[in-house]
Amino acid sequence: MDNQTVLVQIQAAFPATITEIDERHGDLKLRISRESLLAVMQWLRDHAELQYTFLESVTGVDYLGRDPRFEVVYHLFSFRHFHRLCLKVGAPEADPVVPSLTGLFPTANWQEREAYDLLGIEFSDHPALQRILMPDDWIGHPLRKDVPLGYEEVAFTFNQDRIYAHKPFAKE
Amino acid sequence: MGLEEKAGDLGFVTTTLETVVNWGRTNAMWPLTFGLACCAIEMMGAQSSNYDLSRFGMEINRPSPRQADLLIVSGRLSRKMAPVVRRLYDQMSDPKWVIAMGDCASCGGVYNNYAIVQGVDEIVPVDVYVAGCPPRPEALIDGIMRLHAKVMQEKIGGKAHTHEEQIVVEHKDTGLIQVT
Ligand code: SF4
């Protein structure tokens, strides 16, 4: 099954939802609107012929300075045709909410929690949207491009006295 | 075999209590079963048959911190894991020692960022730092030998860890000075 077949079928079923089509190195990437995400995903999963039954990954991206700032990338896989499809959904900075796919693919649960934890993208109707990688009391979302990396000055012989004077060494 | 042969027919041996106690501690120093990252693989290598840490009385890794004497922090320590490591250290009974194994545990290594503790000495008091990414098993064993040398100098009744006491080793061939 080639990309064109898939594209034609999706376009026929959802004429107005695809906002951008990108095909590079044989991979098909579609940007779709947030509102239609759930419907498109369900249609792809349940389609009798396409059978995109496996949600390979859910990833969040921060494009600082672009509108929409955030993007969630989904990779779907069809075991039947050994074919991969990439869908992207944008979410603006003021309202970084994307519908959760946990109802369709249970595997989305932890991956959406990761995107929420590291980038602050919220997933509506997620059963337990909590931090998964960072400690629970962490403030902020560390993979956002406007968060500092947290660099600490490296101690060498010439500056170690100054650095060690402030370093919180452990007591007994 | 053993002491009887070496000592001949001497009826008794004299030594100091300190030496005997410290000798006992160095020769049955059991590490905690505990690994954090890639360095832990080298630690396992040091304990398995090729390098055979049991030559130094360390063949048993204790799964319970109550029975362990030595905490080998092998690998990078994330900030989420840090309270757990401190808790394990607190649960160990005195006397106890800590080795920071590898660059990550010693100073953060290549991970100078928000997620990694920049040196486990912020969390637990470290006795010996072993450099390397990862340190070879020989390097870890060398660190353990240095720790043994440090323990042999400890005083009974004194605090187990004193950071004032330093062992300075100068490598004649390389000119490096190592302070532990
Ligand atoms: S020092 Fe190197 S080998 Fe050890 S934990 Fe860090 S990155 Fe891994």
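**Exercise 1. Find what the buried residues of α2(A) pack against.**

Solution. The buried residues of α2(A) pack against β2 and β4 (70-78) of chain A. Contact here puts the C-beta atoms of two residues, placed from the backbone, within 7 Å. Helices (H or I, at least four residues) and strands (E, at least two) are DSSP runs, numbered from the N terminus. The model is predicted: local features need pLDDT of at least 70, side-chain atom pairs count only at pLDDT 80 or more, and totals for chains, interfaces and linings use all residues. Residues are numbered from 1 along each chain as its sequence is written, while chains are lettered from A and ligands numbered from 1 in the order in which they are written.

Next, name the residues. Helix α2 of chain A spans residues 37-46, and V40(A), M41(A) and L44(A) are buried in it. Buried means 20 or more other C-beta atoms within 10 Å of the residue's own; exposed means 12 or fewer, and partly exposed lies in between, with C-beta atoms placed from the backbone. Down the axis of α2(A), the buried residues fall within an arc of 95 degrees, so they line one face of the helix. The arc is taken over the directions from the helix axis to the C-beta atoms.

**Exercise 2. Lay out the sheet of chain A and name its edge strands.**

Solution. Start with the order. Five strands of chain A form an open sheet, β1-β2-β5-β4-β3, with mixed pairing. Strands pair if DSSP finds at least two bridges between them. The edges are β1 (18-24) and β3 (54-62) of chain A, each pairing on one side only. From one strand to the next, the twist averages 20 degrees. Axes are lines fitted to C-alpha atoms, for helices over the stretch in contact; angles run from 0 to 180 degrees between N-to-C directions.

Now take the pairs. β1(A) and β2(A) run antiparallel, joined by six bridges. R24(A) stands opposite D27(A) in β2(A). The two strands form a hairpin with two residues between them, and H25(A) in the turn has a positive phi of about 50 degrees. β2 (residues 27-32) and β5 (residues 83-91) of chain A pair in the parallel sense over five bridges. In β5(A), V89(A) stands opposite I32(A).

Last, check the cover. Helix α1 (residues 3-13) of chain A lies across β1, β2 and β5 of chain A, at about 175 degrees to β1(A). β1(A) is hardly covered: zero of its seven residues are buried.

**Exercise 3. Describe the sheet of chain B and the helices on it.**

Solution. Three strands of chain B form an open, parallel sheet in the order β1-β2-β3. β1 (70-74) and β3 (128-130) of chain B stand at the edges with a single partner strand each, so one side of each has no neighbour in the sheet. The twist averages 20 degrees from one strand to the next. β1(B) and β2 (residues 97-101) of chain B pair over five parallel bridges. L70(B) has W97(B) as its bridge partner in β2(B).

α3(B) lies across β1 and β2 of chain B, running at about 130 degrees to β1(B). Helix α6 (residues 137-152) of chain B touches β2 and β3 of chain B; its direction makes about 165 degrees with that of β3(B).

**Exercise 4. Identify which helix gives the most to the shell around the ligand.**

Solution. List the helices. α3 (38-47) and α5 (102-107) of chain B each supply at least two shell residues. α5(B) gives the most, with three residues.
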